[in-house]
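Here are a few notes to read alongside the model, written for someone opening it for the first time. Have the structure up while you go through them.

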Amino acid sequence: MAPPRPQFDKMQEKTVQPQEVDKTLEQQLAEAQAQAASNRDAMLRALADAENARKRFQAEAASAQKYALERFAESLLPVMDSLEAALANREASPQALRDGVELTLRQLTTALEKARIAPIAPVAGERFDPHRHQAMAAVQTESEPNTVVAVMQKGYQLHDRVLRPALVTVAKPVEKTGANPISDTDLD
């Protein structure tokens, strides 16, 4: 069975009259062109502002990179002054020189702390960390293997980045004398 067909008997045909245009086409075109010119001008201004901001940020980044060490250098100047003063005083006693060197070392330590440079100074018995320590020698000792036995030179790190690893001596297990190198019965 086919679906019922709509009935068009009751519908009346209306004639559509075009609405009278309030403005002439020339006026509408002129307004559209003025709006397009205004939008183009706004776009060019926005592009120019963006370009100026980009150039300003580049200049600021270059300046920041160029003078990044300024604060650190300023904190090192008193250390330099102290060292020069120590060298200029030729009649200073050994104790006065020692006191001056200790003061200068405290100034340098303070400058490094302000710059977030921390020493890496492992203690004997600390686990060897290849990311922060550099093994200069391995010695047989009763200590646990792969632990620090002695520090030859402190290391330093800036935040989490190692500037210089600590130079250390590392413990290795004592080799048992008289053991059969082929047999695995003496293995610990």
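1. Let's start with a pair in helix 3: R98 and E102 sit four residues apart there, so about one helical turn separates them. Keep in mind that this is a predicted model. The two side chains form a salt bridge, with 3.5 Å between the closest N and O atoms. As a general point, an α-helix has 3.6 residues a turn, so residues three or four places apart point the same way.

2. How open to the surface are the two partners? R98 counts as exposed, at 54% relative accessibility, because the cut-off for that label is over 50%. E102 is partly exposed, with a relative accessible area of 34%.

3. Now for helix 3 as a whole. It covers residues 94-114, which makes 21 residues, and spans 30 Å from the first C-alpha to the last, close to the 30 Å expected at 1.5 Å a residue. Just after the helix comes R116, with a positive phi near 65°.

4. Which residues of helix 3 are buried? They are T104, A111 and L112. Looking down the helix axis, you'll find these buried residues within an arc of 95°, so they line one face of the helix. They pack against helix 2 (70-88), strand 1 (117-120) and strand 4 (155-158). Turn to the other side of helix 3 and you meet exposed residues: R98, which we've already seen, plus R106, E113 and K114.

5. Helix 1 has a similar story to look at. E51 and R54 are three residues apart in that helix, so they too are separated by about one helical turn. Their side chains meet in a salt bridge, at 2.3 Å from N to O. E51 is partly exposed at 31% relative accessibility, and R54 is partly exposed at 39%.

6. While you're on helix 1 (residues 25-66), find L44, which lies in it. L44 belongs to a nonpolar surface patch together with M43 and L47, and the three add up to about 280 Å² of accessible area. L44 itself is partly exposed, with a relative accessible area of 39%.

7. One more charged pair: the side chains of D129 and R132 meet in a salt bridge, at 3.8 Å from N to O. That counts because the cut-off is within 4 Å. D129 is partly exposed at 23% relative accessibility, and so is R132 at 26%. In total, the model has five salt bridges.

Methods: Residues are numbered from 1 along each chain as its sequence is written. This is a predicted model: local features need pLDDT of at least 70, side-chain atom pairs count only at pLDDT 80 or more; totals for chains, interfaces and linings use all residues. Side-chain values use heavy atoms; hydrogens and water are left out. Patches are made of residues with over 30% relative accessible area and no salt bridge: like charges are joined within 9 Å, nonpolar side chains (Val, Leu, Ile, Met, Phe, Trp, Tyr) within 5 Å. Accessible areas come from the Shrake-Rupley method with a 1.4 Å probe; for residues, only the protein chains shown count as cover. Helices (H or I, at least four residues) and strands (E, at least two) are DSSP runs, numbered from the N terminus. Buried means under 20% relative accessible area, exposed over 50%, partly exposed in between (1.4 Å probe, protein chains only). The expected span of a helix is 1.5 Å times one less than its number of residues. The arc is that of the directions from the helix axis to the C-beta atoms. Contact means heavy atoms within 4.5 Å.
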